[in-house]
Amino acid sequence: MSETSPLARTCHQMLLGDDDFVSAHQQSQRSDAFKDTPRQQRRAVTLSPAQYQARYSDRDEAMARAYLSTAFTMPNIAAAFHMSSRTVSRAVSAFNNAHLTVDREGQG
């Protein structure tokens with residue numbers, strides 16, 4: 001009774017858990033198991049591009065996270081952020097490289 005409601009940690013309106021859990025779930029969505037799921041269905045459980053912009057103060061991180069949600073194509077994100085698709089591509093690559101480096105350092 002005295003515990004905080006589990007709904008207080010709701011993320012994407014259906015995921016309960018800490019940031020690590022949400023991240024692991026999002027990574028599993030990028031696996032081949034979901035490649036046949038229509039993009040429109042994946043979009044139903046993710047943030048909008050504007051919500052990514054509001055949530056992440058770093059523009060490149062917001063674009064990368066929107067793309068990695070698998071709900072949006074790079075051209076969709078480019079249009080929403082008023083950038084070129086190439087800029088989105090560079091942001092996603094840089095974000096992935098930064099997280100790979102952090103993951104390797106954490107394992108070493």
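Among contacts between residues at least 6 apart in sequence, 47% join residues at least 24 apart in this protein chain. Keep in mind that the model is predicted. The chain has 6 helices and 2 strands, and along the sequence they run β-β-α-α-α-α-α-α. Below is a quick tour, from the whole chain down to single side chains.

**The chain overall**
- Of the 108 residues in the chain, 29% are buried.
- The accessible surface adds up to about 7,500 Å², and carbon and sulfur atoms account for 50% of that area.

**The nonpolar core**
- In soluble globular proteins, nonpolar side chains tend to be buried together.
- Here, the largest nonpolar core has 18 residues, and the members touching the most others are Tyr52, Met63, Phe72, Ile77, Val88 and Val92.
- Helix H4 (59–68), H5 and helix H6 (85–107) each put at least two residues into this core.
- H4 gives the largest share of this core, with 5 residues.
- Isoleucine 77 is a good place to look around: leaving aside residues up to four places away in sequence, Ile77 touches Met63, Ala66, Tyr67, Phe72 and Val88.

**Helix H5, one side in and one side out**
- H5 covers residues 74–81, and Met74, Ile77, Ala78 and Phe81 in this helix are buried.
- Looking down the axis of H5, you'll find its buried residues within an arc of 100°, so they line one face of the helix.
- The spacing fits the usual geometry: an α-helix has 3.6 residues a turn, so residues three or four places apart point the same way.
- Pro75 and Ala79 are exposed, and they sit on the face of H5 turned away from its buried side.
- Right after H5 comes histidine 82, with a positive phi near 60°.

**Tyrosine 56, between H3 and H4**
- Tyrosine 56 is in the loop that runs between helix H3 (49–55) and H4.
- Is this tyrosine 56 buried or exposed? With a relative accessible area of 19%, tyrosine 56 is buried, because the cut-off is under 20%.
- Setting aside residues up to four places away in sequence, Tyr56 touches Glu61, Ala62 and Arg65.

**Salt bridges**
- How many salt bridges does the count come to? The answer is 2.
- One of them pairs the side chains of arginine 59 and aspartate 60, at 2.8 Å from N to O.
- Arginine 59 is partly exposed at 36% relative accessible area, and aspartate 60 is partly exposed too, at 31%.
- Glutamate 61 and arginine 65 form a salt bridge as well, with their closest N and O atoms 2.7 Å apart.
- Both glutamate 61 and arginine 65 belong to helix H4, and they are 4 residues apart, about one turn of the helix.
- Glutamate 61 has a relative accessible area of 23%, which means partly exposed, and arginine 65 is partly exposed at 26%.

**Putting it together**
- Glu61 and Arg65 are salt-bridge partners, and both are also touched by the buried Tyr56.
- Ile77 is one of the buried residues of H5, and Ile77 is also among the core members that touch the most others.
- Met63, Phe72 and Val88 are on that list of core members as well, and they are among the residues that Ile77 touches.

How values were computed: Residues numbered from 1 in each chain as written. Predicted model: local features only at pLDDT ≥ 70, side-chain atom pairs only at ≥ 80, totals over all residues. Heavy atoms only, no water. Buried < 20%, exposed > 50% of the residue type's maximum accessible area, 1.4 Å probe, protein only. Arc of directions from axis to C-beta. Core = buried A, V, L, I, M, F, W, Y, C linked by side-chain atoms within 4.5 Å. Contact = heavy atoms within 4.5 Å. Areas by Shrake-Rupley, 256 points an atom, 1.4 Å probe, with all protein chains shown as cover. Salt bridge = Lys/Arg side-chain N within 4 Å of Asp/Glu carboxyl O.
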